[in-house]
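Here are some notes to read with the model open beside you. Take them one point at a time and find each residue as you go.

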Amino acid sequence: MKRRAVIKNIGLLSISGGVAGALAPTAGRTETQPGKRDLFKELGVTPVINAGVTMTFLSGSLMLPEVMEAINSTAHDFANMYELQDKVGAKIAEMLHCEAAMVTSGAACAMVLGTAAAITGKNPEKIKMIPNLPGPRVEVIMQKTHRYLFDQAITTTGARIVEVEGPDEMDKAFNTNTVMTLYFNAAEKSSVTREEFVALSKKHNVPSFMDAAADVPPVENLFAYQKIGFDLVTFSGGKMIRGPQSAGLLFGRKDLIEAAKLNHSPHEAPIGRPMKVNKEEMFGMYAALKTYLERDHEKEWQDWLNRIKQIKLTVETVPGVTGETHIESGPANAFPSLDLNWDEQCVKISPGEVQAALKNGTPSIVANVGRTQDGKPRLRVGVVLLKPEHVAIVAKRVRDILKKAG
């Protein structure tokens, strides 16, 4: 799959001596060093090889060395958090070619803060009272097919979600209580296109919010939705951008970002105070985004395909087992993985049983079970989150489990 040429030479000034200069991308590096304290062992926590996707319960992704450098180099000094959020946000906005940006504690926090900003603006009394504002509940319009677990972040602000189907119904749903519209980018079905959604929101002078938490790669998505006209956009920082797991990005219209900041820490006691972001995460998120934008995405994609080829060649030594590259259609998790198939009459084990054997073995490996177009289960082995040294380990473990069953 082709990828557009990587963005080069952003030429931003460093905001910290610890993040100075160009942060050159580095392939996965083994973080554990001989003689270092092993906290996994000390606490009895099982290390996991992630042959799946960027799931929060699996701690998202592994932070890049550049991110760890940013965190470690800034942990020894204090900073004014108002100044840091402003200056990090300005650099991120410059990188993303938008009016303003901020670092949040994940994309879910960005949804809370974005909604709060649409409700309160910069009104200090509303900021103090939210989510218990007097009068009728404010409303956020969503497509019915876009309802999902994380829209609870919207109702946390006291807003009520109004479901619509189709452009006409959406157009009629706007009223004096409408404060925002929310588009869930990874929804399987949409009755209103992104362009129609933005146009209707602008027609009624209501800000539109795009939740694209897991929607890179491709890197172009970081710019696509603001170009369409969405007023606010969020991406997770701890997924394929490989920043701190507990960090996220909220960017878009300057007035809304400034209002979101007022609803967030370090301000005392607004709705976002429990969702604070520490200074190391802000520096780390800046470093992660800068590194991600400068990465050779074409090369990274080919590296993933090479990993698939390596695992496929190993596993296909088991008679009757075949593998093929699977690429999610997106927009979420749109990267390649390996799908494995076999005749269970010959290899007497199901994909679910292989998945369990991988998880319960040593080392513990988490893979997924996907399905063919006709609904048949298959083992899906993710490669994008593997350390280089884990590729052969995963290949051998899958091969050995299937060989034993065959």
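1. Let's start with one residue: in which strand is the place of Phe-251? Look at strand β8, which covers residues 248-252, and you'll find Phe-251 there. Keep in mind that this is a predicted model.

2. Is Phe-251 buried or exposed? With a relative accessible area of 1%, Phe-251 counts as buried, because the cut-off for that label is under 20%. Setting aside its neighbours within four places in sequence, Phe-251 is in contact with a good list of residues, including Leu-96, Cys-98, Ala-100, Leu-222, Val-233 and Ile-257. Try hovering over His-97 as well: it sits 154 residues from Phe-251 along the chain, yet the C-alpha atoms of the two are separated by 9.8 Å.

3. Cys-98 came up in that list of contacts, so let's turn to the cysteines. How many disulfides does a search of the whole structure find? The search comes back with zero. For Cys-98, the nearest cysteine sulfur belongs to Cys-109, and that sulfur is 17 Å away. A disulfide needs the two sulfur atoms within 2.5 Å, and that is why Cys-98 and Cys-109, with 17 Å between their sulfurs, don't make one. Both cysteines are buried, though: Cys-98 has 16% relative accessibility, and Cys-109 has 4%.

4. Now find strand β5, residues 178-184. How many of its residues are buried? The count is seven of seven, so you can call β5 mostly covered. Strand β5 has a partner in strand β3 (residues 139-143), with three bridges in the parallel sense, and in that pairing Ile-141 stands opposite Thr-181 of β5. Strand β6 (residues 208-211) also pairs with β5, again in the parallel sense, over four bridges. There, Leu-182 has Phe-209 of β6 as its bridge partner. To get from β5 to β6, the chain goes through helix α8 (residues 194-203), and this β-α-β crossover is right-handed.

5. While you have the strands on screen, here's a handy rule: in a regular strand the side chains alternate between the two faces of the sheet.

6. Next, the nonpolar cores. The largest one has 80 residues, and among those with the most contacts inside it are Ile-92, Leu-222, Trp-342 and Leu-402. Helix α11 (residues 279-294) gives this core its largest share, eight residues. Click on Trp-342 and look around: beyond four places in sequence, it touches Gly-320, Val-347, Pro-351, Lys-376, Leu-379 and Leu-402, among others. There's also a second, separate core of 34 residues, and Met-102, Val-112, Ile-130 and Phe-184 are among its members.

7. One of those, Ile-130, leads us to Thr-120, which lies in helix α4 (residues 107-120). Thr-120 is buried, at a relative accessible area of 5%. Leaving out neighbours within four places in sequence, the residues in contact with Thr-120 are Lys-126, Ile-127, Ile-130 and Asn-263.

8. Last point: how confident is the predictor? The mean pLDDT of the protein is 92, and 91% of the residues reach 70 or more. Where does pLDDT stay under 50? That happens over residues 1-30, for which the model has 66 contacts beyond four places in sequence. Please keep the pLDDT under 50 in mind when you look at residues 1-30.

How values were computed. Residues are numbered from 1 along each chain as its sequence is written. Side-chain values use heavy atoms; hydrogens and water are left out. Buried means under 20% relative accessible area, exposed over 50%, partly exposed in between (1.4 Å probe, protein chains only). Helices (H or I, at least four residues) and strands (E, at least two) are DSSP runs, numbered from the N terminus. Two strands pair if DSSP finds at least two bridges between them. A crossover is right-handed if, with the strands pointing away from the viewer, the path from the first strand over the helix to the second runs clockwise. pLDDT is the predictor's confidence in each residue, from 0 to 100. Contact means heavy atoms within 4.5 Å. A nonpolar core is a set of buried Ala, Val, Leu, Ile, Met, Phe, Trp, Tyr and Cys residues joined through side-chain atoms within 4.5 Å.
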